[in-house]
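Let's take a friendly walk through this model together. Please open the sequence and the coordinates side by side before reading on.

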Amino acid sequence: MSFSHVIGFVALLSAGLAQAADPPAPPPPARAIPESATQPPLPPSIPPNSRLEETTNPAQTAAMATPTAKPGDATAGQTKSATCAACHGMDGNPASSQYPKLAGQHESYIARQVEMFKSHKRDSAIMMGFSATLSAQDMNDIGAFFPTKVSLPGVADAKIVARGEALYRGGDKNANVPACMACHGPDGRGNPGAGYPQLAGQYADYVTLKLKDWHDGKTWGDDDRARIMPAVVMGLSDADIAALASYIEGLHAADAGSTAAK
Ligand code: HEC
Ligand code: HEC
């Protein structure tokens with residue numbers, strides 16, 4: 001996927017969001033990126049129909065992942081997530097940076113990832129085991145619990161944070177890298193309706209691992225949403241990845257409480 005394709009995708013998703021009823025936190029308009037004014041062609045893998053717009057509706061996003069389950073119940077989810085605490089922390093803030101923070105993450109994103117681990121679409125020997133016995137209802141309940149917790153922000157490395165911030169906020173046109181904040185938001189809260197996860201405060205070690213995986217061609221999932229990040233990271237160098245990861249770990253969601261909605 002070329003840069004213009006990614007930008008076209010951003011524009012398309014933003015357009016979809018604009019039409020969705022009452023989106024929780026619309027991402028900055030794609031015109032933050034200069035090229036978006038010219039209407040680039042859609043990538044062949046993404047047909048120009050309404051499917052992308054449909055995925056911007058939170059209710060439908062949840063329904064897609066868990067066709068028969070009810071919306072998550074945070075109290076039930078707290079009980080069900082007891083086994084997860086050993087690695088991810090009781091409140092979703094793990095003690096070790098090799099495990100991702102789940103605190104403040106969106107319900108639909110958590111349920112989606114757990115479902116992908118269970119169906120082996122996202123590769124992790126550890127998570128495959130811990131998701132194997134979870135039902136769709138369990139995934140929604142656990143997904144509803146972690147957004148009630150607040151992600152504890154870390155501290156960025158002062159030596160590389162400037163490059164990280166520049167990439168996060170403005171991308172790198174010459175390297176075909178779009179601005180991360182176009183989707184993940186200026187404060188890293190993401191957008192649950194569109195399926196853009198919260199990044200604010202996430203451990204740099206984990207973010208580095210994921211960005212490198214995508215950069216090296218390791219992907220997860222097989223739908224349109226899962227195809228975005230492998231294209232985004234293509235032009236990043238190792239130094240860029242380290243700078244971005246450090247900036248993200250130090251990023252504070254302006255109002256983490258408002259991610260608790262989903
Ligand atoms: C033994 C440690 C361990 C336990 C226990 C564990 N996890 Fe994980 N989890 C991991 C690791 C490691 C990853 C990162 C996998 C990767 O991407 O390589 C992960 C990733 C995840 C992710 C993806 C996060 C993201 O930001 O994309 C979710 C969601 C998740 N785990 C949920 C759970 C749930 C729910 C449970 C309990 C049912 C659980 N985990 C139990 C180690 C664990
Ligand atoms: C066009 C929108 C878009 C842009 C631009 C974008 N992302 Fe993403 N990002 C996504 C989506 C969608 C996902 C979740 C994919 C899924 O659910 O399969 C994601 C997931 C991630 C994750 C995994 C989070 C987790 O908890 O595991 C990281 C890390 C990430 N993005 C970092 C970045 C960085 C760094 C940039 C800028 C260089 C960026 N993203 C630009 C849409 C975007």
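Why does Glu 107 count as buried? This is a predicted model, and the reasoning rests on a neighbour count. A residue is buried if 20 or more other C-beta atoms lie within 10 Å of its own. Glu 107 has 30 C-beta neighbours inside 10 Å, so the residue counts as buried. Along the chain, Glu 107 belongs to helix 6, which covers residues 107-118. If you look across from there, you can find Thr 148: the two residues are 41 residues apart along the chain, yet 9.7 Å separates their C-alpha atoms.

Next, have a look at helix 13. This helix runs over residues 238-250, 13 residues in all. From its first C-alpha to its last, helix 13 reaches 19 Å, close to the 18 Å expected at 1.5 Å a residue. Helix 13 is mostly covered, with ten of its 13 residues buried. Among them are Asp 240, Leu 244, Tyr 247 and Glu 249. And what do the buried residues of helix 13 pack against? Their partners are helix 9 (161-170) and helix 11 (204-215).

Helix 11 also leads us to ligand 2. The shell around this ligand takes at least two residues from each of helix 1 (3-19), helix 10 (181-184), helix 11 and helix 12 (228-232). In total, 26 residues surround ligand 2, and the closest are Pro 178, Cys 180, Cys 183, Ala 226 and Val 232. As for the chemistry of the shell, 19 of its residues are nonpolar, four are polar and three are charged.

Definitions and conventions
Residues are numbered from 1 along each chain as its sequence is written. Chains are lettered from A and ligands numbered from 1 in the order in which they are written. This is a predicted model: local features need pLDDT of at least 70, side-chain atom pairs count only at pLDDT 80 or more; totals for chains, interfaces and linings use all residues. Helices (H or I, at least four residues) and strands (E, at least two) are DSSP runs, numbered from the N terminus. The expected span of a helix is 1.5 Å times one less than its number of residues. A residue is buried if 20 or more other C-beta atoms lie within 10 Å of its own, exposed if 12 or fewer, and partly exposed in between; C-beta atoms are placed from the backbone. Two residues are in contact if their C-beta atoms, placed from the backbone, lie within 7 Å. A residue is near a molecule or strand if its C-beta atom, placed from the backbone, lies within 6 Å of it. Ala, Val, Leu, Ile, Met, Phe, Trp, Tyr, Cys and Pro count as nonpolar, Asp, Glu, Lys and Arg as charged, and the others, Gly among them, as polar.
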